[in-house]
Amino acid sequence: MAASPTNPYSEAGVDTAAGDLAVELMKSSVRATHGPEVLGGVGGFAGLFDASALRDFRRPLLATSTDGVGTKVAIAQAIDKHDTIGQDLVGMVVDDIVVVGAKPLFMTDYIACGKVVPQRIADIVRGIAEACSATGTALIGGETAEHPGLLGPRDYDVAGAATGVVEADAILGADRVQDGDAVIAVSSSGLHSNGYSLVRHIITNAGIGYGDNAADFGSTWGEALLEPTRLYTLPLLRLIDQLGPSTGSGTQGGGSGTQGGGSVHALSHVTGGGIAANLARVLPQGSWAEVDRSTWSPSPIFRVLSDIAGSTLESAEGTWNLGVGFLAVIAADKKDAAIAALNAEGMPSWQVATVGFGARPAGEFEQGAKGVDGGAVRLVGAYADGAK
């Protein structure tokens, strides 16, 4: 009897059978994100999404974003816990398109790994799918690629891209911001997915293992550091709808802008770069804001890590969100309603600044970021001692 032919691809380290099994394990999670707009199901070369509803828009604009989770995945790999990284991915990608007021439509993901371990891949994708469901986003496609020799057997990285839609005359942004607008902070769930290179540096230098008990958090260090990113999508979209349209024209600090809009004028996702840099990106040139640190107390994870490193919270302001995951620039007369609405959604919120135009206080401000020549922002005062 002739011997079975060998599979050169398998001999090279690529297990296509494991990839097929991973797809089978993730199918039910992915399908749960599908509404009638998704055609073709799982496994096609391309995901299909019925865009007929866009015909009801006056001028639909598509918004898109792509991102990854960064080195947070190294902690997931270290403690073999992979079911929360997917939520981090969705938070990083989908919440970026909400910044312009867009409603997410669909998302795709990409996982590169050294070796396909079906249950591990299924855990990652299940986390992505569950977060997609929580944000009203269809997960319509993805890819898992095995890269032996480039990545170790336990190594992987995740990335994704999302697309949403917004009416052209409803886009949020710097051109809507007015003199006297309130800047509302929305709390984070922790580190989210930024600054983990610094986190890992601190932990390594302190000789702490991810499996070690973290007494301050009632868990291991690895579990504490994997706290998933808070998802802001639906609460923010509901806030935009709830506050209603503006009846006047934007003044942009005394200017003559005519673009209408709701009482939510701009949103900022506090990711890489920290609070000041990300707020500056969504403020217009000539505007400024002083964010009052005394209005909140950064959550324990930030304080404990800073203490271990022997540094101050202020020194990490360009790296960590320090307890603020989103910022909303709101019409002054609607700030109380906005705070109440967000709190009712389980999103602790409070005012941290007021937008000013013209002459600003003396001292150094952060001026724009990420190639955007926007407003000027700085943090002032001292952080509150108690928990917010």
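Let me begin with the interior: the largest nonpolar core has 69 residues, and Leu 225, Leu 279 and Leu 305 have the most contacts inside it. By such a core I mean a set of buried Ala, Val, Leu, Ile, Met, Phe, Trp, Tyr and Cys residues joined through side-chain atoms within 4.5 Å, where buried stands for under 20% relative accessible area with a 1.4 Å probe, protein chains only. Helix H5 (residues 118–134) gives the largest share of this core, seven residues. At least three residues come from each of domain 1 (14–51 + 58–167) and domain 2 (174–246 + 259–380), with bounds taken from an automatic or database domain assignment.

I should say that this is a predicted model, in which local features need pLDDT of at least 70 and side-chain atom pairs count only at pLDDT 80 or more, while totals for chains, interfaces and linings use all residues. Residues are numbered from 1 along each chain as its sequence is written, and side-chain values use heavy atoms, with hydrogens and water left out.

Now to the sheet, where four strands, in the order E10-E12-E7-E13, form an open, antiparallel arrangement; strands are DSSP runs of E, at least two residues, and helices of H or I, at least four, numbered from the N terminus, and two strands pair if DSSP finds at least two bridges between them. Strands E10 (264–269) and E13 (349–354) stand at the edges with a single partner strand each, so one side of each has no neighbour in the sheet. Five bridges join E7 (residues 182–187) to E13, and Val 186 stands opposite Ser 349 in E13.

Definitions and conventions. Buried < 20%, exposed > 50% of the residue type's maximum accessible area, 1.4 Å probe, protein only.
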